[in-house]
Amino acid sequence: MDKDKKLELARRLVAELEADDETMASNTIAELTASDSNPGDLFQEVGRLTRELHEAINGFVLDTT
């Protein structure tokens, strides 16, 4: 699986987790790990995306006050 596809799936996973859609999140995790020989990379990417999202939300909140 190429990097762009991994990023797309990682972003989709974050959105599903934020929406409390555990079923779809589980499916996305399965899709990511089925074709990935090193799941550690996947979790690092999800962590990075989550941090970026958190920082963006905090920045937005600070900008609106």
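Mentor: A salt bridge is a side-chain nitrogen of Lys or Arg within 4 Å of a carboxyl oxygen of Asp or Glu, and a search of the whole structure by that criterion finds five of them. This is a predicted model, in which local features need pLDDT of at least 70 and side-chain atom pairs count only at pLDDT 80 or more, whereas totals for chains, interfaces and linings use all residues. Residues are numbered from 1 along each chain as its sequence is written, and side-chain values use heavy atoms, with hydrogens and water left out.

Trainee: What makes the pair E8 and K5 a salt bridge?

Mentor: The N to O distance between the side chains of E8 and K5 is 3.9 Å, and the pair therefore falls within the 4 Å limit. Both residues lie in helix α1 (residues 3-18), three residues apart, which is about one turn of the helix; a helix here is a DSSP run of H or I with at least four residues, numbered from the N terminus.

Trainee: Why is E8 called partly exposed?

Mentor: Buried means under 20% relative accessible area and exposed over 50%, with partly exposed in between (1.4 Å probe, protein chains only). E8 stands at 43%, so it belongs to the partly exposed class, and its partner K5, at 30%, is partly exposed as well.

Trainee: How do you know that E31 and R12 are joined by a salt bridge, and what does the pair tie together?

Mentor: The closest N and O atoms of E31 and R12 are 2.8 Å apart, and the pair therefore satisfies the distance criterion. Because E31 lies in helix α2 and R12 in helix α1, the pair ties together parts that are 19 residues apart in sequence. E31 has a relative accessible area of 34% and is partly exposed, as is R12 with 31%; both residues also belong, with E16, to a network of salt bridges.

Trainee: What places T28 in the buried class, and which residues does T28 touch?

Mentor: T28 has 0% relative accessibility, and so it counts as buried. T28 sits in helix α2 (residues 22-34) and touches L9, R12, L13 and E16, not counting residues up to four places away in sequence, where contact means heavy atoms within 4.5 Å. The side chain of T28 also makes a polar contact with the side chain of E16, at 2.7 Å, which is inside the 3.5 Å limit for such a pair of N or O atoms, one able to donate a hydrogen and the other to accept it.

Trainee: What separates E52 and R48 along helix α3?

Mentor: E52 and R48 are four residues apart in helix α3 (residues 39-64), which means about one helical turn. Their closest N and O atoms are 2.2 Å apart, giving a salt bridge.

Trainee: What is unusual about the phi of D20?

Mentor: Most residues other than glycine have a negative phi. D20, in the loop between α1 and α2, is not a glycine, yet has a positive phi of about 55°. With a relative accessible area of 64%, D20 is exposed.

Trainee: Which element has the lowest mean pLDDT?

Mentor: On this confidence scale from 0 to 100, α3 has the lowest mean, 79, and α1 the highest, 88. The protein chain averages 82, and 86% of the residues score at least 70.

Technical notes. Helices (H or I, at least four residues) and strands (E, at least two) are DSSP runs, numbered from the N terminus. pLDDT is the predictor's confidence in each residue, from 0 to 100.
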